[in-house]
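Open the model in your viewer and keep the selection panel handy. We will go from one stop to the next, starting with a metal site.

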Amino acid sequence: MSLHLFLLFLHLIAVAIWIGGMFFALCCLRPAVTQVLEPQQRLSLLHAALGRFFRYVAIAIAVILASGLVMMAHIGFADVPRGWHWMLAGGIAMMLIFGHIYGAGYRRLGRAVKAGDWVVAAMAMNGIRRLVVINLVLGIVTIAFAIFGSAF
Ligand code: HEM
């Protein structure tokens, strides 16, 4: 098995965890807890669940970046299809947005949950939700660059 294929395998597992986790959080977990739980329990649960998910996202980001850059460097940055550069740009934009979600929104949510300030916690959670929607859409567009990019 070539190194390229092994790196591609790691790259795609990490992408699946990140994109799949965002889809699950947005489309399944959040609507379900909104329907079933009161704000206090809902926001505490979302804070605990997101904290765990974000740790895996941080690992996924390290794997995506390292595997992607090594695969590109191996072929030569000037020689890869143009779509791969768009994948790199999309990936970096997603990583910066994740940094903002974690460094600003999630910390704000954590402080508000600890203080029992459910209004501020709900606002912080709403901000996180909006940024995760953007990252999910960007992720799907980035996958399109990766797949159709070879044609350019
Ligand atoms: C941020 C830095 C990234 C770099 C440097 C990078 C680079 C690469 C490279 C070199 C390949 C190998 C393509 C091949 O052999 O066909 C690849 C494949 C792929 N990447 Fe990325 N990537 C990055 C981020 C992402 C992100 C964030 C996503 C998804 C959201 C993504 C999705 C994919 C997919 C779906 C493939 C498989 C494409 C195929 O084999 O046809 N990549 N990436």
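Six donors count as octahedral if opposite donors are over 155 degrees apart and all others between 65 and 115; donors here are N, O and S atoms within 2.8 Å of the metal (3.2 Å for Na, K and Ca), with water not among the atoms, so sites may look incomplete. This is a predicted model, in which local features need pLDDT of at least 70 and side-chain atom pairs count only at pLDDT 80 or more, while totals for chains, interfaces and linings use all residues. Residues are numbered from 1 along each chain as its sequence is written, and side-chain values use heavy atoms, leaving out hydrogens and water.

Start by selecting the iron atom of the ligand. Its site is octahedral, with angles of 84 to 180° among six donor atoms. Now add His-11 and Met-87: NE2 of His-11 and SD of Met-87 coordinate the iron at 2.1 Å. This pair links distant parts of the chain, with His-11 in helix 1 and Met-87 in helix 3, 76 residues apart. (Helices are DSSP runs of H or I, at least four residues; strands are runs of E, at least two; both are numbered from the N terminus.)

Next, show everything with a heavy atom within 4 Å of the ligand. You should find 22 residues, and the closest are His-4, His-11, Gly-68, Trp-84 and Met-87. Which classes make up this shell? It has 16 nonpolar, six polar and no charged residues; Ala, Val, Leu, Ile, Met, Phe, Trp, Tyr, Cys and Pro count as nonpolar, Asp, Glu, Lys and Arg as charged, and the others, including Gly, as polar.

Zoom in on His-4, where a polar side-chain atom lies 2.6 Å from a ligand oxygen atom.

Finally, zoom out and color by secondary structure: the protein chain has four helices and zero strands.

How values were computed: A polar contact is a pair of N or O atoms within 3.5 Å; within protein, one must be able to donate a hydrogen and the other to accept it, and residues adjacent in sequence count only if both atoms are side-chain atoms. Four donors count as tetrahedral if all angles lie between 85 and 135 degrees; four count as square planar and six as octahedral if opposite donors are over 155 degrees apart and all others between 65 and 115; anything else is irregular.
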